[in-house]
Amino acid sequence: MTTSDPDGPLAEQLLRFTRRVHRIQKRHLQECGLGITPAQSRLLRTLAHYDSPPRMADLAERLEVVPRAVTTLVDGLEASGKVRRVPDPTNRRVIRIEITGDGRGALRELHGARRSAAAEILAPLTDDQRAVLGELLDTLIDGAAARGC
């Protein structure tokens, strides 16, 4: 006896769509010529949300990755001048990560690349379809929060 999976095709569509979004965003990221990986881009965007330079452990927690992964990302961004390590003013054993002027400039370019990618992804949709998609995405995003997931 086999049971059908009514959500199976929808789950597959979501996975395929997610892969398409990542491919398109990666291509737009490469086209902007900054030499930044998608993971480094995510770290820069995360850094921009802090009021003061965070510790690497804070970044790892926010990005939901192991601290070693953050170290590797910071190493690459530091080598290109996008971030710098700075000592904590109250605890000399703690190092904080600060975005540089070059990093802020890269963020502006990355924002443009993300907007271009979104425009490409959404191009086939009418304005009404975009509004419906936005509502559906809000429901999916808020639904997880409402259930405490």
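1. Start with the loop between α3 (56–63) and α4 (67–79), because that is where Glu-64 sits. Keep in mind as you look around that this is a predicted model. Glu-64 has a positive phi of about 60°, even though it is not a glycine. Is Glu-64 buried or exposed? Its relative accessible area is 72%, so it counts as exposed, given that the exposed class begins over 50%.

2. Next, have a look at Arg-85, which turns up in two salt bridges. One is with Asp-75, where the side chains meet at 2.7 Å, N to O. What does this pair tie together? Arg-85 lies in strand β1 (residues 83–87) while Asp-75 belongs to helix α4, so the contact links parts that are 10 residues apart in sequence. The other bridge is with Glu-78, whose side chain meets that of Arg-85 at 2.3 Å, again N to O.

3. How open are these three side chains? Arg-85 has 27% relative accessibility and counts as partly exposed. Asp-75 comes out at 36%, which also makes it partly exposed. Glu-78 is partly exposed too, with a relative accessible area of 30%. The reasoning is simple: partly exposed is the class between under 20% (buried) and over 50% (exposed), so each of these values falls inside it.

4. Now move to helix α1 (residues 8–31), which holds both Glu-31 and Arg-27. They are 4 residues apart, about one turn of the helix. Their side chains meet in a salt bridge at 3.6 Å, N to O. Which of the two labels, exposed or partly exposed, fits Glu-31? At 54% relative accessibility, Glu-31 counts as exposed. Arg-27, by contrast, is partly exposed, with a relative accessible area of 33%.

5. How many salt bridges does the model have? The count comes to 8, and the ones described above are among them. Salt bridges that share partners also join Arg-27, Glu-31 and Glu-120 into one network.

6. Finally, leave the charges behind and find helix α6 (residues 127–146), home of Leu-137. Which residues make the nonpolar surface patch with Leu-137? Its partners are Leu-140 and Ile-141, and the patch covers about 320 Å². Leu-137 itself is partly exposed, with a relative accessible area of 42%. That value is over the 30% a residue needs to count towards a patch, so Leu-137 passes that cut-off.

Note on methods. Residues numbered from 1 in each chain as written. Predicted model: local features only at pLDDT ≥ 70, side-chain atom pairs only at ≥ 80, totals over all residues. Heavy atoms only, no water. Patch = residues over 30% accessible without salt bridge, like charges linked within 9 Å, V, L, I, M, F, W, Y side chains within 5 Å. Areas by Shrake-Rupley, 256 points an atom, 1.4 Å probe, with all protein chains shown as cover. Salt bridge = Lys/Arg side-chain N within 4 Å of Asp/Glu carboxyl O. Helix = DSSP H or I, 4+ residues; strand = E, 2+ residues; numbered from the N terminus. Buried < 20%, exposed > 50% of the residue type's maximum accessible area, 1.4 Å probe, protein only.
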